[in-house]
Structure formats: C-alpha cells, structure tokens
Amino acid sequence: MDISIDSVRNVAKLARLKLSDRELEFFAGQLAIILEYIDQLKKVDTSGVEPTSHVLPIQNVFRKDSTGSSLTQSDVLKNTASSEGGLFKVPRVVEES
Amino acid sequence: MGLNQRTALDLIESVKRGKINSSDIIKDVLKRIKDVDSKINAFAHLNSAEDLFKNAEGKKSGRLAGIPVALKDNLCENDRLTTCSSKILSGFKPPYSATVVKKLEDEGAIILGKTNMDEFAFGSSCETSCYGTTRNPWDTKRIPGGSSGGSAAAVAADEAVMALGSDTGGSIRQPAALCGVVGMKPTYGRVSRYGLIAFASSLDQIGPITKDVSDCALLLSVISGHDESDSTSADMPVPDYTDFLGSEIRGMRAGVPKEYFVEGSDPEVEKSVRKAIETFRGMGVEIVELDLPHTKYAVGTYYIIASAEASSNLSRFDGVQYGHRSSSSKDIIDLYSATRSEGFGDEAKRRIMLGAYVLSSGYYDAYYLKASKVRTKIKEDFDNAFKKCDVILTPTSPTPAFKAGEKMNDPLNMYLSDVYTIPANLAGIPAVSVPCGFTKSGLPIGLQIIAQAFREDNIIKAAHAFEVTAKCNNRKPDLG
C-alpha cells in the first residue's frame with residue numbers, strides 16, 4: 001500500500017508536527033509498510049460484530065458531587081517554561097484589529 | 001551474597017528478626033548500581049544516597065518495610081523527575097504521586113529512582129530512550145527488551161530488589177523474559193492507572209517485575225485495588241496473592257494454543273517452552289490443545305488501537321504547561337509544532353502520525369472501527385478457550401534478546417517481537433512471564449502464563465509451582 005507525501009504532510013499537520021522533506025519521505029516509506037501489514041485485517045469477517053472499546057463491563061461510574069482538595073496554583077505552574085500573573089504565558093493568539 | 005541479590009520476602013524476614021535494617025539493603029543496592037550501571041544504564045534518574053538513607057530511617061512498618069523499589073520513568077512521583085525517557089518531558093517534576101507510588105510508600109517501600117524505558121513506552125528494546133539504550137545484563141551487546149527494559153535489567157542485575165513497569169502490548173513481560181526475571185501484567189482494572197503517564201488508555205496496566213514469583217505475588221497484593229481517581233479501576237476485593245504460593249496444582253487444566261508455536265519462533269525458545277509444558281504435565285496438570293484463530297491479527301489490531309489512543313493522549317505535550325518548550329516560535333501553532341518536533345523522537349512521531357491517520361476522516365471506519373471489531377473476535381477466542389482450561393501456556397517472546405541496533409531501522413519487525421504478548425492486552429486479561437530456561441549461548445527464555453480476567457490467583461499458583469519444580473531462576477548474570 002502506498003501513502004503519498006501529501007497525505008503524510010497532512011497527517012503531520014493534524015498532529016502538530018513540523019517535518020522536513022527528508023523526514024516526510026522517510027516516514028511515508030515506513031508508514032506504507034506498516035499500513036500494508038495492517039491491511040490483513042480486511043480478511044476478518046466482522047459483520048454483525050460489536051466493536052470493543054473497553055474490556056471491562058463498566059458503563060457509567062459515578063461518585064459523590066462533593067468538594068475536595070486540588071492542586072495549588074503554584075504547584076500547577078511550577079513546570080511551565082513561562083508564566084505571568086498566575087497564568088500560563090504563550091505567544092499572542094488573537095490578531096490585533 | 002549481597003543483600004541486593006536477595007528477594008524482598010527474604011529480606012523482610014531478616015529485617016523482622018533484627019539481623020539487618022533498611023540502610024544495610026540500600027548500601028548494597030547503591031554499591032551494585034555504582035559498580036555495574038555504567039555497563040547497563042538501567043536508571044534514568046536515581047534518588048540521592050542522602051535522601052535514600054534518610055527515608056530508610058523512618059520506614060519500619062508495612063508489607064514492604066525498608067525495601068528499595070525502582071519505578072519505570074512513566075510513573076509520577078511527587079517533586080521527583082518523571083520524564084518517560086523523552087526530551088519533551090525534560091525537567092518535569094510532577095506535583096503529585098501516582099496511586100501505586102503512594103501505596104508503595106504506605107507499605108514502607110523506599111523509592112530508588114526511575115528506570116530507563118523506550119520513549120513513552122513506544123518500543124520493545126529500550127533503544128528509543130533519550131538517555132541511550134539499556135543493556136541486557138546477560139550480554140551487554142544485546143537489548144534488555146522493552147519498553148520496561150530499565151526495570152527488568154535493574155532487577156536482573158541486582159541493582160534493585162524489585163521494580164514496577166507498565167505493559168501496553170508486552171512491555172513488562174517481554175523484557176522480563178529477555179532478562180530472566182518475573183514480570184506480570186495484571187487484569188485491566190486490577191491496578192489504578194492514576195499517575196501513570198498514559199500511552200494507550202484502554203490497554204495500559206502497571207505491574208510488578210521481580211526476582212521470583214513470591215515477590216511478584218507480594219508486590220501485586222500491594223499495588224492492586226480500586227481507586228476513585230481511576231474510574232476504570234475495578235471495585236473488587238483484593239486477595240492476598242501470597243496466600244496462593246505453594247498451592248497444589250494437580251488437576252489444573254493448561255491450554256496450549258497451536259497459533260503460538262508457528263514458524264518464525266526461535267527453535268531454542270520453542271524447545272524450552274515445550275519442555276516447560278511437559279514439566280506441568282509431570283505435576284499432574286492436564287494439557288489441552290487450543291485454537292486461538294485470530295491470534296495472527298493481534299499485532300495489526302494493536303498498532304491501530306494503541307497508536308490511535310497514543311496520538312490522542314500525546315496531544316497534551318504542547319510546550320505550554322510542562323516539559324520542553326521550543327524557543328523558536330512565532331505564533332501559538334508554531335509553538336506547538338516546533339516544541340513537538342524538537343521534543344519527540346522518531347518512534348513517537350511515527351506512532352502519533354499512524355494514530356492520527358487511522359482516526360482521520362475517511363479512514364476511521366476502515367481502520368479504527370475495524371480494529372475494534374477484530375478486538376472483539378480476539379477477546380472471544382480467549383472466552384472460548386477458558387471454557388476448556390484454567391491457564392494458557394505460551395512463549396513470552398518469539399526470540400531471546402536480540403542485538404542492539406538489529407531492528408531499529410525496521411519498525412514492523414520490531415513490532416512483531418510482541419506477537420505473543422499483545423493478545424492479552426487486547427483482551428484485558430492477566431499474564432505473567434517466568435524464566436523457563438536458557439539458550440546454549442546463555443540467554444534467558446520466558447514462559448508466558450495467561451489466565452481469565454481477575455484470576456491472577458491461578459497464574460500465581462501455576463507460576464510458583466513451575467518455579468519450584470523447574471528451578472530455572474538460580475543463575476545470575478556475570479557482570480565482572
């Protein structure tokens with residue numbers, strides 16, 4: 001099975017990965033081999049089979065709606081590369097009008 | 001014999017009788033790490049000797065009182081480096097501890113540090129770590145298996161008394177087999193995943209890596225149980241698994257699936273596992289032939305489901321809240337992309353892209369939904385099999401430890417090294433790897449014992465009886 005450089009570029013964009021042309025080619029080749037192997041699943045007759053997304057017979061799990069302790073603001077911010085005024089700081093998101 | 005070479009149960013007995021204390025154990029463990037870890041590279045982050053000895057002072061009670069335990073580098077420990085052996089989490093010190101870590105500390109264990117792993121647990125050889133490859137203690141030219149390779153190598157080389165790993169497709173059992181130690185993946189939901197940095201949430205499970213089956217039973221008893229912080233953890237009572245040690249297994253039925261004895265397996269591995277099956281027969285176990293017809297689709301199914309879940313789980317690593325942040329970004333999207341491209345290694349990028357591809361519009365039904373249905377068929381295979389037997393016996397890995405570099409440029413071939421371990425993850429059932437022999441060149445071989453969901457008791461009974469009878473784990477690697 002082939003996967004075009006364009007589709008790899010698109011997938012990389014969706015996954016927020018910046019890849020060089022050399023990397024795109026490298027991954028396209030490897031993904032093609034993996035997808036070809038995966039294609040053997042087509043041979044399995046799955047008509048009328050329910051998908052399994054979870055192995056345990058759990059439906060909804062509820063707990064009491066009560067308050068408890070949570071992490072402090074300084075705990076939450078201690079691992080960020082940049083913060084200001086108790087907030088995570090990132091480059092400008094909204095354009096100036 | 002150094003204290004570091006002894007099992008936890010044995011050490012706990014000596015501590016109780018006042019013959020030794022925790023500091024003595026830590027002293028021997030640290031000396032061993034100093035002597036051999038330059039050859040093995042099992043540890044990614046080691047806690048300071050000062051901290052360890054200070055910790056040992058206070059820890060006198062509990063089921064693991066004073067026992068040093070190593071953690072895989074994806075288990076959060078409050079205010080201690082936890083990095084998934086990835087550049088993208090460099091410097092990350094979690095603001096909380098995983099539930100398993102709390103449980104260990106509550107029972108008096110001393111956390112030694114974090115062991116090396118394949119980046120984000122993506123791999124079967126420990127070669128994708130940003131800290132370099134861990135080496136197999138039995139032959140340092142070879143890999144220890146993965147992804148919990150550091151934990152398995154540390155226990156095999158006596159650099160830790162016991163360790164925790166995580167297993168998504170074989171990441172506890174395969175390195176345990178390749179390093180000649182005991183490693184168990186419990187039933188999905190048996191152990192809380194709270195604080196385990198997620199790879200594939202419907203498959204991940206934390207489990208013990210130990211020198212023998214008795215220690216496995218002990219450590220499993222400590223870490224199991226329901227946890228409000230993980231809604232997928234099972235609300236079921238936890239037995240004391242050490243109660244099952246020494247049980248009579250005569251009359252137990254063991255299934256042998258023919259799909260696990262096919263071409264492609266190493267002949268020495270097959271011979272050793274066949275011999276183990278005869279050992280069980282000799283102990284009065286009834287051997288039953290089995291069919292698990294969808295086994296050959298397990299690897300394909302797994303790489304769709306696991307990669308899809310991974311691509312979703314790893315979207316949180318964007319440089320904003322923790323870990324590496326690119327310094328060369330002009331806007332927010334560029335910050336994400338540049339951070340992720342700099343921070344993730346090739347295997348992580350490959351899996352993220354594979355996952356994004358199988359989930360993307362137009363491919364979802366053909367790949368993800370199809371795989372979820374085949375997963376049902378694989379689970380049904382096991383449901384049918386367990387009508388005829390109590391445990392299933394197979395090789396853990398098709399080959400013994402391979403040479404470093406051998407499969408690094410061939411991802412599909414690397415994925416196939418988990419062919420015998422993946423089905424248990426897809427079905428959510430427990431499985432252990434126990435040593436069952438050595439190749440002529442002295443590399444360990446592992447026997448896998450699989451049981452029904454929440455029947456770890458059957459695994460412990462069978463594995464312990466085998467260990468006592470076959471006596472396969474009485475060799476130690478020679479590290480000079």
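This report describes a predicted model with a chain A and a chain B, going from the whole of chain B to single residues.

## Chain B as a whole

Chain B contains 15 helices and eleven strands. Its radius of gyration is 21 Å, close to the 23 Å that the globule rule gives for 480 residues, so chain B is as compact as a globular protein of that length. The C-alpha trace of chain B spans about 70 × 55 × 45 Å along its principal axes. Of the 480 residues in chain B, 62% are buried. Many contacts join parts of the chain that are far apart in sequence: among the contacts in chain B between residues at least 6 apart, 76% join residues at least 24 apart.

The domain assignment divides chain B into domain 1, made of 3-248 + 433-444, and domain 2, made of 296-368. Domain 1 of chain B is thus written as two stretches of sequence. The C-alpha centres of domain 1 and domain 2 of chain B are 27 Å apart. Where these two domains meet, 20 residues of domain 1 of chain B are in contact with 17 residues of domain 2 of chain B. On the domain 1 side, the touching residues are ten nonpolar, eight polar and two charged.

## Where chain B meets chain A

The contact between the chains takes 54 residues from chain B and 42 residues from chain A. On the chain B side, helices α9 (298-313), α10 (332-343), α11 (346-359), α12 (365-385) and α13 each supply at least two residues. The largest share, ten residues, comes from α12(B). By type, the chain B residues that touch chain A divide into 25 nonpolar, 17 polar and twelve charged.

## Helices α4 and α7 of chain B

Helix α4 of chain B covers residues 99-106, and its buried residues are B:T99, B:V100, B:V101, B:K103 and B:L104. A lysine is therefore among the buried residues of this helix, since burial here is counted from 20 or more other C-beta atoms within 10 Å. What do the buried residues of α4(B) pack against? They pack against the strands β2 (68-72), β3 (110-115), β4 (162-167) and β6 (205-210), and against helix α7, of chain B. Just after α4(B), B:G108 takes a positive phi of about 90°.

Helix α7 (residues 213-223) of chain B also meets helix α15 (residues 456-470) of chain B; their axes come within 9 Å and cross at roughly 160°. Angles over 145 degrees count as roughly antiparallel, and α7(B) and α15(B) are therefore roughly antiparallel to each other. From α7(B), the residues in this contact are B:V213, B:S214, B:A217 and B:L220. From α15(B), they are B:E456, B:I460, B:A463, B:H464 and B:E467. Together, the residues of this contact divide into five nonpolar, two polar and two charged.

## Backbone exceptions

Most residues other than glycine have a negative phi, and most peptide bonds are trans. The table lists two residues that have a positive phi although they are not glycines.

| Residue | Phi | Place | C-beta neighbours inside 10 Å |
|---|---|---|---|
| A:R16 | about 55° | loop between α1 and α2 (21-38) of chain A | 20, buried |
| B:D158 | about 60° | loop between α5 and β4 of chain B | 24, buried |

There is also a cis peptide bond, which runs from B:G146 to B:S147 and has omega near 10°. B:S147 is in the loop between β3 and α5 (149-156) of chain B.

## Two serines

Is B:S417 buried or exposed? With 24 C-beta neighbours inside 10 Å, B:S417 counts as buried. B:S417 is in the loop between α13 (411-415) and α14 (422-427) of chain B. Leaving out residues up to four places away in sequence, B:S417 touches B:S124, B:Q174, B:S397 and B:P398. The C-alpha atoms of B:S417 and B:G183, 234 residues apart along the chain, are separated by 17 Å.

In chain A, A:S7 is in helix α1 (residues 5-14). A:S7 has 16 other C-beta atoms within 10 Å and is partly exposed. From A:S7 to A:S83 the C-alpha distance is 36 Å, with their positions 76 residues apart in sequence.

Methods: Residues numbered from 1 in each chain as written. Chains lettered and ligands numbered in written order. Predicted model: local features only at pLDDT ≥ 70, side-chain atom pairs only at ≥ 80, totals over all residues. Domains from an automatic or database assignment. Contact = placed C-beta atoms within 7 Å. Nonpolar A, V, L, I, M, F, W, Y, C, P; charged D, E, K, R; others polar. Helix = DSSP H or I, 4+ residues; strand = E, 2+ residues; numbered from the N terminus. Rg over C-alpha atoms; globule rule 2.2 N^0.38 Å. Buried ≥ 20, exposed ≤ 12 C-beta atoms within 10 Å, placed from the backbone. Axes fitted to C-alpha atoms, helices over the stretch in contact; angles between N-to-C directions. Parallel < 35°, antiparallel > 145°, perpendicular 65-115°, else oblique.
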